[in-house]
Amino acid sequence: AATLVWLQREFRLSALPALQAALDSAGGVIVAYFHDPKQQVGEANSLWLAHSLVLLQKNMRAKGGDLWVVDGDFATQFSKLLSDYKVRQVMYSFQVGTPFMQMQQQALAICQQYKVALTPFYSEFLLEPQAISNQQNKPYLVFTPFYKALMAKQQYIEPLQEDIGCLTRCAQIQPTDQAWLDLPADLQALAREPWAKKMMSHWQVGEQAAWQKLDEFIKQGIDSYDYDRDFPSLNATSGLSQYLHFGEINPRVIYYYLQALMAENLVKAEQAMPWIRQLVWKEFARHLLVHFPQTETEPFQSKYKTMAWQEDLPNYQAWQKGLTGIPIVDAGMRELWETGTMHNRVRMLVASFLTKNLNQSWLKGKAWFDNTLFDADPANNVMGWQWVAGCGVDASPYYRLFNPVTQSVKFDDDGEYIRTWVPELKLLSSKAIHAPWEYLAECKLKGIELGTDYPYPLVDLKQSRTEHLERVAAIKAAS
Ligand code: FAD
């Protein structure tokens, strides 16, 4: 009889309670990732996944174990594996959102059918979702009280045992299908694509790279994070979101690591806490999605279900390609396309422009982010989009539209970020670069012809703002 450790994310070999518990129990241990082509995530996310699986398998082999990557329909393959290998228990880390929740439900039904024990571990959470509720015993819908409640319960954040030791018991059972010891063909093909190679050239996947990034950030960025984090050209944030999404590094481990550094006075609390607070946004997003799974596809505030979004493919495509004519928006969209990531401040600006100025559904924006972000995460992405669109919990109020030009002047004062990603505007002065249509003489002088070298804005910012406010006022009046 064997124990199956079912990996969905949490691709690391330390502080992994599901694997630890399997190794502590008797019998052989199988560690498997199920790759179901029908349950796929976005392309950038899949690319990171492909590299991460290869590295994890290599690292597991170095510790005497192995990782099976089981290809095919999840329910069929999961059932087959349980019966072929006489699995008596399954351990896994609980994950939120699509496609994980659906697979977890399928796994539960199959385990019940086979009378196999299924044990979830909440190691991706600082505290389990049921552990935090307000005075009415309901989930928190506003971040700050959630944060305060979590901080008040810090003593219940359980540390994770770091070292899980050798993995030889994971190699006692050999798969009957040797293909499971390789990456599935579609993931291999994806990783070979020229765009994929180019995108990965900016990154190294895995646990070790994550720790290196964290340590660099603690040495070089954490003390100025609170001031600098909103400036996209400063590279002042940790860059850890994809590592966190894939569980190559774990928030609980980070939390305890920083506590230790603070206790030794190697990091000051006033420097570390703003960053920890930001990390708790991820926790908040996860708790919300556990309580309100329907918000992956529906606005949290139901009155916004009646929002009459526009179906305008050319405008949507211009947004995707970074050709809206609003330089800061275009810079963000091109950064995303080239690198698989985008600065948080700019994510807010491009999302606001799409949903409020272009009046296109947040679901379309979320879908594009899902496909292009390395860190595409069911919980963080849905919360981010609903927050900006104004229909989520604790959302940015409907009447607040980011003015992308004012924001650009404020957070990219000298236009450095725009110059990096929209090189056709790089000769413009720091004044003109944020709104070139207002500086036609300078454009002409610098040899930039608007409409040819760079587009005019897709919409008038002032007019589209007024129209947005009218639309939302009508919804408010009707509700
Ligand atoms: P840091 O500033 O160093 O923050 C540390 C960690 O805290 C991050 O890695 C992340 O895990 C967490 N975090 C920080 N800000 C947020 C936030 N606002 N919400 C939730 N968690 C946060 N983040 C994702 O991980 N995946 C997504 O798919 C995603 N989609 C987003 C969509 C929109 C429209 C918006 C506005 C934000 C989205 N975010 C998403 C949140 C945020 O932009 C990224 O987490 C952040 O830019 C990652 O950079 P970093 O790792 O350097 O963050």
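Reading the ligand shell, the domains and the backbone

Author: Of the 28 residues around the ligand, the nearest are Thr237, Ser238, Ser241, Asn381 and Gly384. Helices H10 (241-245), H12 (269-291), H15 (344-357) and H17 (378-389) are the elements that each give two or more residues to this shell. The model is a predicted one.

Reader: Which element gives the largest share of the shell around the ligand?

Author: That is H17, with six residues.

Reader: How do the residues of the shell divide into nonpolar, polar and charged?

Author: There are 13 nonpolar, 10 polar and five charged residues in the shell around the ligand.

Reader: Where does the ligand lie with respect to the domains?

Author: Start with the division of the protein chain: domain 1 (1-123 + 183-201), domain 2 (126-159 + 205-291) and domain 3 (302-478). Both domain 2 and domain 3 give residues to the shell, so the ligand lies between them.

Reader: What separates the centres of domain 1 and domain 3, and how many residues are in contact?

Author: The centres, taken over C-alpha atoms, are 37 Å apart. In the contact, 10 residues of domain 1 meet 10 residues of domain 3. On the domain 1 side, helix H2 (residues 43-62) gives the most, with four residues. By class, that side has five nonpolar, four polar and one charged residues.

Reader: How should the overall size of the protein chain be read?

Author: Compare the radius of gyration with the value for a compact globule. For 479 residues that value would be near 23 Å, and the protein chain has 24 Å, which agrees. The C-alpha trace spans about 75 × 55 × 50 Å along its principal axes. Buried residues make up 42% of the 479 residues. The secondary structure comes to 21 helices and five strands.

Reader: What should one look for in the backbone?

Author: Most residues other than glycine have a negative phi, and most peptide bonds are trans. In this model, the peptide bond from Thr98 to Pro99 is cis, with omega near 5°. Pro99 lies in the loop between strand E4 (87-93) and helix H4 (100-114).

Reader: Which phi values are positive in Glu10 and Lys86, and is each residue buried or exposed?

Author: Phi of Glu10 is near 55°, and phi of Lys86 is near 50°. Glu10 sits in the loop between strand E1 (2-7) and helix H1 (17-24). Glu10 is buried, because 23 other C-beta atoms lie within 10 Å. Lys86 is in the loop between helix H3 (74-84) and E4. With 13 other C-beta atoms within 10 Å, Lys86 is partly exposed.

Notes. Residues numbered from 1 in each chain as written. Predicted model: local features only at pLDDT ≥ 70, side-chain atom pairs only at ≥ 80, totals over all residues. Near = placed C-beta within 6 Å. Nonpolar A, V, L, I, M, F, W, Y, C, P; charged D, E, K, R; others polar. Domains from an automatic or database assignment. Contact = placed C-beta atoms within 7 Å. Rg over C-alpha atoms; globule rule 2.2 N^0.38 Å. Buried ≥ 20, exposed ≤ 12 C-beta atoms within 10 Å, placed from the backbone.
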